[in-house]
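Got the model open in your viewer? Let's walk through it stop by stop, with a selection to make at each one.

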Amino acid sequence: MGEIEFAKPGFLYLLFIHVPLIIWYILNQNKFNASIKVSTVSSVVKQRAYFKEILRHVLFAFRIFTISFLIVALARPQASDQWENVNTMGIDIMLSIDISGSMLARDFKPDRLEAAKNVATEFISGRRNDRIGLVVFSGESFTQCPLTTDHAVLINLFKQVKSGMIEDGTAIGVGLANAVKRLKDSDAISKVIILLTDGVNNQGAVDTLTAAELARAFAIRAYTVGVGSQGMAPYPVIDNWGRTHYQNMPVEIDEETLQKIADLTGGKYFRAINNEKLRAIYAEIDLLEKSKISVKEFSKKDERFMIWVWLGLLFLIIEIVLRRTVLRSIP
């Protein structure tokens, strides 16, 4: 159930009102006792009178309980778990995904980009203790999601990724450098970049090998993935009337550079020629060692004031019933 806290603890000071009430009750006891003259007391049952005399004070106790419970309800007691930093096992991973126009090629189902998104989403869902972020690039690069353990948010942002979001081209060096920027201050033992592209670096102000050297300087391993079938693949082409059709074109992936990036950073290069191979690559990366990261755990607060309201009403009803029946007084 967690600890009990009060949203409005100031109302608890009202409990001090019981002190003057109790003093007033004690000082006015004589006024509550009726005084009459009788010729004999033989008809009065002493034991029963004594019992009712004591029970009469219960009415005042019930009134005190009623007020107390309602004051506690006004203070709004809440049950909540304590916030704490918890160490969990995991690694820090940045996904750097190419979203250039060539990623719409149909040698993957339904196309390269959607296949990459689907497999990466499965990968994210399977690594619940890891901090994972997302960088996208084509002619330039930006961070779609920083490192986070909130994988639901990450997956939703991943679903919004599409080709054409930014200037077209293939700036592999910029995409890698942006991912390095997001990981360089991480204190995780394992810091990994999964860079996925289907082309050759042809744009951007950062050279690919310079970005790789930067990654190595911050002890970041880069796992590079070249996406594309062997030989020819149907690429989207826009004609003079703005219509899109597909034309078979040669698959060109700068595997040499991707291999160098992996070698420089202590990672590994993979070639994905279809959906199944892409899944196998992510499964292999999934076997990476794990490190400890700190996650702030929290839970929402549950209102618990109604139980005090009901207790207050219960004692009030009991008092009214006793006052009008067993402990009824005669004017």
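Start with a term you'll need right away: buried means under 20% relative accessible area, exposed means over 50%, and partly exposed is anything in between, using a 1.4 Å probe and protein chains only. Two housekeeping notes come next. This is a predicted model, where local features need pLDDT of at least 70 and side-chain atom pairs count only at pLDDT 80 or more, while totals for chains, interfaces and linings use all residues. Residues are numbered from 1 along each chain as its sequence is written, and side-chain values use heavy atoms, with hydrogens and water left out.

**Stop 1: Thr208**

Select Thr208. Is Thr208 buried or exposed? At 5% relative accessibility, Thr208 counts as buried. You'll find Thr208 in helix α7 (residues 208-217); helices here are DSSP runs of H or I with at least four residues, strands are runs of E with at least two, and both are numbered from the N terminus. Now show what surrounds Thr208, taking contact as heavy atoms within 4.5 Å. Leaving aside neighbours within four places in sequence, Thr208 touches Ile172, Gly173, Leu176, Asn201, Thr257 and Ile261.

**Stop 2: α4 against α5**

Next, select residues 112-126 (helix α4) and 151-159 (helix α5). Their axes come within 10 Å and cross at roughly 175°. An axis is a line fitted to C-alpha atoms, for helices over the stretch in contact, and angles run from 0 to 180 degrees between N-to-C directions. Angles under 35 degrees count as roughly parallel, over 145 as roughly antiparallel, 65 to 115 as roughly perpendicular, and the rest as oblique. That is why α4 and α5 are described as roughly antiparallel to each other.

Turn on the side chains at this contact: α4 brings Lys117, Ala120, Thr121, Ile124 and Ser125, and α5 brings His151, Leu154, Ile155, Phe158 and Lys159. By class, the contact has five nonpolar, three polar and two charged residues. In this sorting, Ala, Val, Leu, Ile, Met, Phe, Trp, Tyr, Cys and Pro are nonpolar, Asp, Glu, Lys and Arg are charged, and the others, Gly among them, are polar.

**Stop 3: the nonpolar core**

Stay with α4 and look inward. A nonpolar core is a set of buried Ala, Val, Leu, Ile, Met, Phe, Trp, Tyr and Cys residues joined through side-chain atoms within 4.5 Å. The largest one has 35 residues, and those with the most contacts inside it are Leu95, Leu134, Ile194, Leu196, Val225 and Tyr282. Elements that each supply at least two residues include β4 (92-98), β5 (131-137), β7 (191-197) and β8 (220-227). Which helix gives the most to this core? α4 does, with seven residues.

Zoom in on Ile194. Setting aside neighbours within four places in sequence, Ile194 is in contact with Ile93, Met94, Leu95, Ser96, Phe123, Tyr223, Val225, Tyr282 and Ile285. Apart from this core lies another, of 25 residues, among them Ala179, Leu195, Val251 and Tyr269.

**Stop 4: aromatic rings**

Now display Phe, Tyr and Trp. Their rings (for Trp, the six-membered one) pair if their centres lie within 6.5 Å; planes under 30 degrees apart count as stacked, over 60 as edge-to-face, and the rest as tilted. By this rule there are eight aromatic pairs.

Pick Phe65 and Phe315: their ring centres are 5.3 Å apart and their planes sit at 55°, so the pair is tilted. Phe65 is in helix α3 (residues 46-74) and Phe315 in helix α10 (residues 306-324), 250 residues apart. Phe65 is partly exposed at 40% relative accessible area, while Phe315 is buried at 17%.

For another pair, choose Phe123 and Tyr282, with centres 5.1 Å apart and planes at 55°, so this one is tilted too. Phe123 belongs to α4 and Tyr282 to helix α9 (residues 275-285), so the pair ties together parts 159 residues apart in sequence. Phe123 is buried at 7%, and Tyr282 is buried at 3%.

Back at Phe315, add Phe62, Phe69 and Trp308: together with Phe65 and Phe315 they form one aromatic cluster.

**Stop 5: backbone details**

Finish on the backbone. The peptide bond from Lys109 to Pro110 is cis, with omega near -5°, and Pro110 lies in the loop between β4 and α4. Then click Ala219, a residue other than glycine with a positive phi, near 55°. Ala219 sits in the loop between α7 and β8 and counts as exposed at 54% relative accessibility.
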